[in-house]
Amino acid sequence: MATDDYCVMMPKNFIEDSGLKHQMIEVPVVDKLPVNNLVLIRRNDRPLTRAAELFWEELKLAASELVEGKSQRQNMP
């Protein structure tokens with residue numbers, strides 16, 4: 001995202017915590033946004049790298065925790 005032209009919607013604290021704050025700009029949205037869907041866009045002709053697979057698994061786990069209102073992680077910081 002930081003090296004290409006993308007428009008993404010993500011929590012403000014993610015940008016601040018990720019160190020990308022100085023490489024991205026916030027576009028204020030006045031309208032109430034609909035409930036978000038989690039979307040992964042990838043190429044069909046290439047498998048995800050191991051790092052991307054792990055990241056995708058973490059995203060799915062975090063999303064399920066938000067929906068269920070509880071943490072599924074045990075003994076993790």
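**Figure 1. Arg50 and Glu53 share helix H2, sitting three residues apart, or about one turn of the helix.** This close-up, like the others here, comes from a predicted model. The two side chains form a salt bridge, and their closest N and O atoms are 3.3 Å apart. The partners differ in their exposure class: Arg50 counts as exposed at 54% relative accessibility, while Glu53, at 34%, counts as partly exposed. Arg50 falls in the exposed class because its value is over 50%.

**Figure 2. Further along the numbering of helix H2, Lys60 pairs with Glu57 in a salt bridge.** Here the closest N and O atoms lie 3.1 Å apart. Lys60 and Glu57 are three residues apart in helix H2, so about one helical turn separates them. Both residues belong to the partly exposed class: Lys60 has a relative accessibility of 36%, and Glu57 has a relative accessible area of 44%. As a reminder for this view, side chains of opposite charge can pair when their charged atoms come close.

**Figure 3. Asp45 and Arg43 meet through their side chains in a salt bridge.** The N to O distance for this pair is 2.8 Å. Asp45 counts as exposed, with 55% relative accessibility, whereas Arg43 is partly exposed, its relative accessible area being 45%. Searching the whole structure gives three salt bridges.

**Figure 4. Helix H2 runs from residue 50 to residue 68.** Take a moment to follow this helix from one end to the other. Its 19 residues reach 27 Å from the first C-alpha to the last, and this is close to the 27 Å expected at 1.5 Å a residue. What sign does phi take at Gly69, just after H2? The phi of Gly69 is positive, at about 70°. For orientation, the protein chain holds two helices and zero strands.

**Figure 5. Met9, Val29 and Leu33 make a nonpolar patch on the surface.** The patch covers about 290 Å². One of its members, Val29, is found in the loop between helix H1 (12–18) and H2. Is Val29 buried or exposed? Val29 is exposed, because its relative accessible area of 51% is over 50%. For the wider setting, the protein chain exposes about 7600 Å², and carbon and sulfur atoms supply 55% of that area.

**Figure 6. Met24 is a buried residue in the loop between H1 and H2.** Its relative accessible area is 18%, so Met24 meets the cut-off of under 20% for a buried residue. Across the protein chain, 6% of the 77 residues count as buried. Which distance separates Met24 from Tyr6 in space? Measuring from C-alpha to C-alpha, Met24 and Tyr6 are 9.8 Å apart, with their positions 18 residues apart in sequence numbering. Val29, shown in the view before this one, lies in the loop between H1 and H2 too, but Val29 is exposed, while Met24 is buried.

How values were computed: Residues numbered from 1 in each chain as written. Predicted model: local features only at pLDDT ≥ 70, side-chain atom pairs only at ≥ 80, totals over all residues. Heavy atoms only, no water. Helix = DSSP H or I, 4+ residues; strand = E, 2+ residues; numbered from the N terminus. Expected span 1.5 Å × (residues − 1). Buried < 20%, exposed > 50% of the residue type's maximum accessible area, 1.4 Å probe, protein only. Areas by Shrake-Rupley, 256 points an atom, 1.4 Å probe, with all protein chains shown as cover. Patch = residues over 30% accessible without salt bridge, like charges linked within 9 Å, V, L, I, M, F, W, Y side chains within 5 Å. Salt bridge = Lys/Arg side-chain N within 4 Å of Asp/Glu carboxyl O.
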